[in-house]
Amino acid sequence: MKFIVSSQVLLKQLQAIGGVLNSSNTLPILDNFLFEIKDQNLTISCSDLESTMTSTIAIDAKSEGSVAIPAKMLLDILKTFPNHPLTFSIDEKMGVEISSDYGKYKLSGFNGEEFPKSPIIEAPSTVSISSFIFQRAIEKTIFASGNDDLRPVMSGIFIQLSEDHLTFVATDAHKLVRYKRNDVKSATPSAFIVPKKPMNLLKGLLQSYDGDVTIQYNESNASIAFNDILLVCRLVDGKYPNYEAVIPKENPNRLTVDRNAFSQSIKRVSIFANKTTHQVRLKINGSELNISAEDVDFSNEANERLTCSYEGESMEIGFNSRFLNEMLQNIDSDNVIFELSAPNRAGILIPDNSDEGEDILMLVMPVMLNS
């Protein structure tokens, strides 16, 4: 088996899909990239058993076959080359020889047949979404997803397709983000949960791609294809919480404030907050928003005032400053609207203006105030 490929083209593709690789694997074969040659195409795969990523490059190949090549060693050598043609020769014992103008390098490969096969998605449903919308939906929701192994449904992003809109939801029970697009519709209503890791990989890769993303899915797996990359992942098994029931419908108190000033103020004040609760107190009265925090154990205290626009009754409410700031960082508008109903009920953050077709809602649970 022999083929020629540009070092930089190969490195770029390996780096694109290499995020799937785990630092420690139960199966040693998963520490490798699988190289398969067929019809003058080189298909490279890597997997962590839950997700498999594949990339295809057109090459000059002398024969067909497959081999698994150690990922770390291959990436390390490729990073040292300028843009340079490399010749890969694989013998019958899976010895890999890489030839360049500088010299030759040998390493031991493994039989490609040992590499786990990517699942075939049977009887899939298909939907196409623009890469911009898909990437933005992931970016605006993924930070709110949980990390609790005991509640795996919350450690992914819930995707809901309907005849009216596309909805992405993420929550960890303390905060929730619902990202809705009214300009993406599906003839077949359906819903599934995609794990966090593949979504994080897609978030980075889609930034540099402009085109459509094709999603195929059934009850257990999904494949996401764009450009020359294919990601196949196992979906999270389980029923997603009824997120609509958590969102308070009646919010008579409405605060509008400069997003950047609010965020900077919370950052400064939260330095003086209790390091366990990260609690900041918001006291709203008329056109004045008072933001304060204290750590009684160390006699630390901070207090700031902002001017705001407020409709509703005077209120005092506490929030975890880290959750609030994460949300403010993920809202793009100059002003943010904070809808509140009572000190013990969730607050809702929404941008004061959104892109056409876009509907973002962020919910944050309050924390009990120390009187």
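Colleague: At about what angle does helix H1 run to strand S1?
Modeller: Bear in mind this is a predicted model: local features need pLDDT of at least 70, side-chain atom pairs count only at pLDDT 80 or more, and totals for chains, interfaces and linings use all residues. Residues are numbered from 1 along each chain as its sequence is written, while side-chain values use heavy atoms and leave out hydrogens and water. Helices (H or I, at least four residues) and strands (E, at least two) are DSSP runs numbered from the N terminus; axes are lines fitted to C-alpha atoms, for helices over the stretch in contact, with angles from 0 to 180 degrees between N-to-C directions, and contact is heavy atoms within 4.5 Å. Helix H1 (residues 7-17) lies across strand S1 (2-6) and S7, and its angle to S1 is about 85°.

Colleague: Which strands stand at the edges of the open sheet of 5 strands?
Modeller: Strands count as a pair if DSSP finds at least two bridges between them. The order here is S5-S1-S7-S8-S9, with antiparallel pairing. Two strands have a single partner each, so one side of each lacks a neighbour in the sheet: S5 (60-61) and S9 (104-108).

Colleague: And what is the bridge partner of Ile90 in S8?
Modeller: S7 and S8 pair in the antiparallel sense over 4 bridges. Opposite Ile90, the S8 residue is Val96.

Colleague: Is Lys93 buried or exposed?
Modeller: Lys93 sits in the loop between strand S7 (85-90) and strand S8 (95-99). The cut-offs are under 20% relative accessible area for buried and over 50% for exposed, with partly exposed in between (1.4 Å probe, protein chains only). Lys93 has 79% relative accessibility, so it counts as exposed.

Colleague: How many of the 11 residues of helix H3 are buried?
Modeller: Helix H3 covers residues 131-141, and the rest of the structure largely encloses it. Among its buried residues are Phe134, Arg136 and Lys140. Out of the 11, the buried count is 9.

Colleague: Which strand gives the largest share of the lining of the largest pocket?
Modeller: On a 1 Å grid over the protein atoms alone, a pocket is an open set of points where a 1.4 Å probe fits, with protein on both sides within 12 Å along at least five of seven lines; lining residues have an atom within 4 Å of a point. The largest one holds about 370 Å³, and of its 21 lining residues, the closest to the centre are Ala191, Phe192, Ile193, Val236 and Gly238. Strand S12 (156-161), strand S15 (190-195) and helix H5 (243-246) each give two or more residues. The largest share, 4 residues, comes from S15.

Colleague: How many bridges join S21 to S22?
Modeller: Both belong to an open sheet of 4 strands in the order S22-S21-S20-S24, with antiparallel pairing. Within this pair, Ile291 stands opposite Glu304, and Glu294 faces Glu301. Between strand S21 (residues 288-295) and strand S22 (residues 300-307), the bridge count is 8.

Colleague: Which residue takes a positive phi in the hairpin of S21 and S22?
Modeller: There are 4 residues between the two strands of this hairpin. The one with a positive phi, near 55°, is Ser299.

Definitions and conventions. Grid points are joined across faces, edges and corners, and a volume is the space filled by probe spheres set on the points.
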